[in-house]
Amino acid sequence: MSQAFEGGRLPAAYMNPGPASFSEFLSAVHPDLLPRWHDLPHGTDGRPLTPEATTIVALTFPGGVVLAGDRRATSGTTIANRDMEKLFRADEYSAVAIAGAAGIGIELARLYQVELEHYEKREGRPLSLEGKANRLANMLRGNLGLAMQGFVVVPLLVGYDEAREGGRIFSYDPVGGRYEEHRFHSIGSGSVYARGSLKKLFTDGLDERQAVTAAVQALYDAADDDSATGGPDVHRKIYPLVDVVTEDGYRRLPAEEVAAVAETVVAERSERPDGPTAPID
């Protein structure tokens with residue numbers, strides 16, 4: 001156990017994680033969690049061969065927002081994990097997904113959950129969606145030291161804004177820059193293909209089920225062109241994870257519901273491998 005716990009005392013960064021950077025928090029709780037660059041295997045491009053989370057998509061629909069992610073994690077050219085969870089409930093009205101260094105990203109998402117819960121208990125009310133987006137940017141900036149070593153994490157935050165009565169999407173860069181995205185967005189290694197797919201599939205009138213289908217179609221297109229993105233695995237029964245946030249709150253779609261959508265998409269692709277096309281007129 002870390003010396004930070006000697007004497008039965010928790011480190012200050014744990015008791016009040018707000019002011020501390022993410023790296024400082026890990027260092028205080030357990031220094032061994034901080035990776036050392038030279039101790040890790042490296043690829044030919046010089047990057048550490050740690051598991052990397054890949055493609056995430058998000059899109060809004062009237063009344064809410066859909067967040068979806070594939071299940072594959074890669075380490076160089078090797079599949080490190082086939083059923084990784086990259087989507088996390090942040091609080092009752094928001095969700096966060098991660099792409100990049102998987103271990104760092106998962107801990108970042110869990111710490112973010114604690115941050116939002118801590119704020120709500122302390123203030124007696126939840127943080128606004130703008131406040132949640134800003135807090136995540138600050139936490140991500142605290143990871144800059146690790147990002148400079150190659151352990152880059154990029155999150156995607158979605159939520160239902162009660163003031164605007166609609167879903168919103170926030171993206172980030174590795175140094176903590178925060179950007180609001182409109183209608184749809186994607187991050188990760190297959191993001192360019194997923195975003196191209198959403199360009200032809202997205203319309204402002206999508207209902208929730210259509211939005212979910214569009215998200216699964218976009219992930220399929222990403223997997224079709226990006227080897228690091230995993231498509232629906234009908235043999236192992238591994239399908240994308242899909243979260244929906246509306247005025248009724250956050251919910252994870254049941255596995256059987258997502259499986260039905262994914263299997264329909266796979267069946268349609270057997271007839272039309274390139275997928276649905278956008279109307280010209």
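Helices here are DSSP runs of H or I with at least four residues, numbered from the N terminus. Keep in mind as you work that this is a predicted model.

**Exercise 1. Place Met148 in its helix and decide whether Met148 is buried or exposed.**

Solution. Start with the helix: Met148 belongs to α5, which covers residues 144-148. Next, take the relative accessibility of Met148, 68%. The cut-off for exposed is over 50%, so Met148 counts as exposed. Finally, look at the surroundings: Met148 joins Leu144 and Val175 in a nonpolar surface patch of about 290 Å².

**Exercise 2. Check whether the end-to-end distance of helix α7 agrees with its number of residues.**

Solution. First, note that α7 runs over residues 208-225, which makes 18 residues. The expected span is 1.5 Å times one less than that number, so α7 should span 26 Å. Then compare: the end C-alpha atoms of α7 are 26 Å apart, which agrees.

Now see how α7 begins and what surrounds it. Asp207 caps the N-terminal end, with a side-chain oxygen 3.3 Å from the backbone nitrogen of Arg209. Among the buried residues of α7 are Ala211, Val212, Leu219 and Asp221. Their cover includes strands β2 (56-61), β3 (64-69) and β12 (241-246), along with helices α6 (191-201) and α8 (255-271).

**Exercise 3. Find which parts of the chain are linked by the salt bridge of Arg178 with Glu130.**

Solution. Begin with the distance: the closest N and O atoms of Arg178 and Glu130 are 2.9 Å apart, and the cut-off is 4 Å. Then locate the partners. Arg178 sits in strand β10 (residues 178-181) and Glu130 in helix α4 (residues 129-141), so this pair links distant parts of the chain, 48 residues apart. Both are partly exposed, Arg178 at 27% relative accessibility and Glu130 at 29%.

**Exercise 4. Work out what the salt bridges of Arg164 and Glu263 tie together.**

Solution. Take Arg164 to begin with: its partner is Glu180, with the closest N and O atoms 3.7 Å apart. Arg164 lies in the loop between β8 (153-161) and β9 (166-172) while Glu180 is in β10, so the pair ties together parts 16 residues apart in sequence. Arg164 is exposed at 52%, whereas Glu180 is partly exposed at 24%.

Move on to Glu263, which pairs with Lys237 at 3.9 Å between the closest N and O atoms. Glu263 is in helix α8 and Lys237 in the loop between α7 and β12, so these parts, 26 residues apart, are tied together.

To finish, follow the shared partners: salt bridges join Glu130, Asp161, Arg164, Arg168, Arg178 and Glu180 into one network.

Note on methods
Residues are numbered from 1 along each chain as its sequence is written. This is a predicted model: local features need pLDDT of at least 70, side-chain atom pairs count only at pLDDT 80 or more; totals for chains, interfaces and linings use all residues. Side-chain values use heavy atoms; hydrogens and water are left out. Helices (H or I, at least four residues) and strands (E, at least two) are DSSP runs, numbered from the N terminus. Buried means under 20% relative accessible area, exposed over 50%, partly exposed in between (1.4 Å probe, protein chains only). Contact means heavy atoms within 4.5 Å. A polar contact is a pair of N or O atoms within 3.5 Å; within protein, one must be able to donate a hydrogen and the other to accept it, and residues adjacent in sequence count only if both atoms are side-chain atoms. Patches are made of residues with over 30% relative accessible area and no salt bridge: like charges are joined within 9 Å, nonpolar side chains (Val, Leu, Ile, Met, Phe, Trp, Tyr) within 5 Å. Accessible areas come from the Shrake-Rupley method with a 1.4 Å probe; for residues, only the protein chains shown count as cover. A salt bridge is a side-chain nitrogen of Lys or Arg within 4 Å of a carboxyl oxygen of Asp or Glu.
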